[in-house]
Amino acid sequence: MGAWSGVGLVLGLALFLVSFAPSLLPRRWLLQGLVGGVSAAAGYLVGFLLEMTVDAVMRLLDLDVQVSWQLPGGIWILAVLGLALVVLGWWWSVRQHRETARLVGMAEQPVWHDIAATGVALATLVLLMLLVRAIVLFTTWISSGLDLFLPSVLSIAGALVIAVVVLRIVNRMIVHQALERISKQADAMDRRRPRNLRAPELPTRSGSPGSAQSWDALGRRGQIFTSCGPSVDGIAAVLGVPALEPIRVYASQGDGGVEAAVELAMAEVRRTGALSRGTLVIDTPAGRGWVDEFSVQAVEYLTAGDCATVSVQYSRLASAFVYLADAETPRACARALFAALEEAIAELPPERRPRVYVSGESLGSYGGHGAFADVSDMLARVDGALWIGTPGFTEIARGLTSSRMRGSPEITPVIDNGRHIRFVTKPTELIADAYGRALGEWQSPRVVYAQHASDPMCRFTGALAWREPDWLRERAGSDVNASLRWWPLVTWFQVSTDMATSLDTPPGHGHIYEDELVPLWAAVLQRTDAPITAITAAIRTSVGVLKAPGKLSGAVTSGS
């Protein structure tokens with residue numbers, strides 16, 4: 001083999017061009033550059049490994065194959081064709097990125113973004129290729145030494161094993177240090193008190209005088225959750241009927257772990273009288289302990305305040321780091337809290353028991369599913385559920401999607417003709433599927449999965465790296481670019497990086513769920529006669545004030 005792999009260069013260029021193809025969402029220039037560079041480097045590495053494997057087999061069989069071809073000016077012709085292909089592919093991708101932005105309601109990116117992305121991609125590619133080259137030289141050096149004691153093939157295998165072990169050791173050291181630093185930063189962020197908010201004084205809120213945990217101990221997300229929301233007068237004014245003060249229970253993980261946090265939450269449930277309300281919502285938070293204010297307020301208005309929402313923080317880390325570091329903790333927390341509440345409710349007379357609903361957004365939905373063994377268990381133990389932006393790797397949701405009725409698309413699978421469970425990208429799909437076909441009678445308990453077609457969190461799975469998903473072939477999403485195609489490894493990488501920009505979209509696209517949560521909760525609670533428009537306007541005003549400059553910025557509506 002020569003100094004560089006010819007096969008690797010060809011595959012690297014191919015994946016470099018493919019990486020600029022449209023994805024679910026427009027990407028920032030830096031992310032697009034990283035995607036392009038890493039994809040090209042992956043292509044080069046695959047080509048290099050193929051070439052090295054063939055070379056090893058030829059050495060083993062003692063073969064010497066030489067190929068010669070002559071074409072006047074051949075190298076220049078290939079160079080010109082390659083350059084023309086790159087320019088045409090780049091210009092096509094610019095147009096497609098603008099179409100993707102239009103579909104999800106985002107502003108078009110200027111051309112310099114794509115130019116900058118190309119520069120970042122090339123720089124990333126060069127760095128990674130140099131790294132690959134260094135690994136090759138290291139492996140070759142070891143292999144040359146082992147040739148003195150072992151047969152050729154065994155020496156190459158031994159060199160590769162040693163290289164892999166060294167890389168794993170270095171990787172573990174880097175990852176461990178990175179997670180440790182991220183954890184310290186998360187702890188510091190959790191201790192930052194939100195501006196312009198005060199500790200609640202109403203006894204119906206955790207953090208108020210007499211609570212099991214002080215307001216300062218609830219952490220930043222818990223402080224936001226317990227200090228926000230509509231008052232009893234505000235609810236009554238919107239609905240035009242008498243209302244109750246909603247109950248909000250929150251417990252922070254602290255240093256005692258999940259079990260201690262659940263015990264604190266149960267103490268708050270008893271103190272606030274949460275089980276005396278007609279509706280109890282167990283809301284599993286996303287990373288950092290974030291709970292969607294739109295979702296919580298929707299229930300509070302729809303029930304005229306006759307409700308209690310209970311949530312327990314399981315980590316101070318962002319969702320992505322929680323999943324990477326300890327994916328079981330969110331599930332264990334939801335399981336422990338649900339079991340404790342279920343036991344307390346069982347002690348009440350049947351006529352005094354609240355209706356129990358479960359909810360969660362993003363990693364909160366993934367964790368919330370951990371309370372149940374399967375979908376039958378969920379339907380048997382709750383009165384309804386609203387799962388928002390459920391990650392594609394959530395086992396129960398993935399199983400439902402796989403068992404969908406024939407002819408229904410993967411983005412909104414129809415389960416048993418909508419008897420209990422309905423997947424929607426927008427509220428109109430509660431009564432008809434994505435193709436306009438009417439669903440059957442909706443019986444209790446009602447379970448809704450809200451998942452935008454353009455939400456990469458709902459589309460991301462490990463299998464996306466090697467298998468084309470049905471949702472790409474079906475092209476059923478109204479806000480997904482029709483030019484989106486599946487490419488091995490590249491599409492997986494594109495969708496994974498789309499998650500970094502999924503909170504940049506307007507509501508109704510990407511991973512932002514707001515206005516649609518009101519009619520979705522109304523359907524689950526069977527309060528379809530509620531003034532949906534007035535409630536939505538009231539919540540939007542409340543959340544809009546919190547998001548205004550000088551207030552809480554994105555802390556209210558983005559928690560992943």
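**Strand S3 and the aromatic pairs**

Strand S2, helix H9 (residues 293-302) and strand S3 form a β-α-β unit of right-handed sense. The model under consideration is predicted. S2 (residues 279-284) runs parallel to S3, to which it is joined by four bridges; among the partners, Thr-279 is bridged to Cys-307 in S3. Strand S1 (residues 247-251) is likewise parallel to S3, with five bridges between them, and Ile-247 has Ala-308 of S3 as its bridge partner.

S3 (residues 307-312) is largely enclosed by the rest of the structure, because six of its six residues are buried. In a regular strand, side chains alternate between the two faces of the sheet. In S3, Cys-307, Thr-309 and Ser-311 point one way, whereas Ala-308, Val-310 and Val-312 point the other way, and all are buried.

Aromatic contacts were examined next. Such a pair of rings is described by the distance of the centres and the angle of the planes. Eight aromatic pairs are present in the structure. For Phe-338 and Phe-372, the ring centres are 5.2 Å apart and the planes stand at 70°, so this pair is edge-to-face. The pair links distant parts of the chain, 34 residues apart: Phe-338 belongs to helix H11 (residues 328-346), and Phe-372 to the loop between helix H12 (363-368) and helix H13 (375-381). Phe-338 has a relative accessible area of 3% and is therefore buried; Phe-372, at 4% relative accessibility, also counts as buried.

Tyr-357 and Trp-521 constitute another edge-to-face pair, because their planes lie at 75°, with ring centres 6.4 Å apart. Since Tyr-357 is located in strand S4 (residues 355-361) and Trp-521 in helix H18 (residues 517-525), the pair ties together parts that are 164 residues apart in sequence. Both Tyr-357 and Trp-521 are buried. In addition, one aromatic cluster is formed by Phe-460, Trp-492 and Phe-493.

Two arginine residues are positioned over aromatic rings. The charged end of Arg-248 sits over the ring of Phe-225, 5.1 Å from the ring centre. Arg-331 lies over the face of Tyr-366, with a distance of 5.8 Å to the centre of the ring.

A further buried position occurs in helix H2 (residues 29-61), which contains Gln-32. Gln-32 counts as buried because its relative accessibility is 3%, below the cut-off of 20%. Leaving aside residues up to four places away in sequence, Gln-32 is in contact with Ser-19, Phe-20, Arg-27, His-97 and Ala-117.

How values were computed:
Residues are numbered from 1 along each chain as its sequence is written. This is a predicted model: local features need pLDDT of at least 70, side-chain atom pairs count only at pLDDT 80 or more; totals for chains, interfaces and linings use all residues. Side-chain values use heavy atoms; hydrogens and water are left out. Helices (H or I, at least four residues) and strands (E, at least two) are DSSP runs, numbered from the N terminus. Buried means under 20% relative accessible area, exposed over 50%, partly exposed in between (1.4 Å probe, protein chains only). Contact means heavy atoms within 4.5 Å. Rings of Phe, Tyr and Trp (its six-membered ring) pair if their centres lie within 6.5 Å; planes under 30 degrees apart count as stacked, over 60 as edge-to-face and the rest as tilted. A charge sits over a ring if NZ of Lys or CZ of Arg is within 6 Å of the ring centre and within 35 degrees of the ring normal. Two strands pair if DSSP finds at least two bridges between them. A crossover is right-handed if, with the strands pointing away from the viewer, the path from the first strand over the helix to the second runs clockwise.
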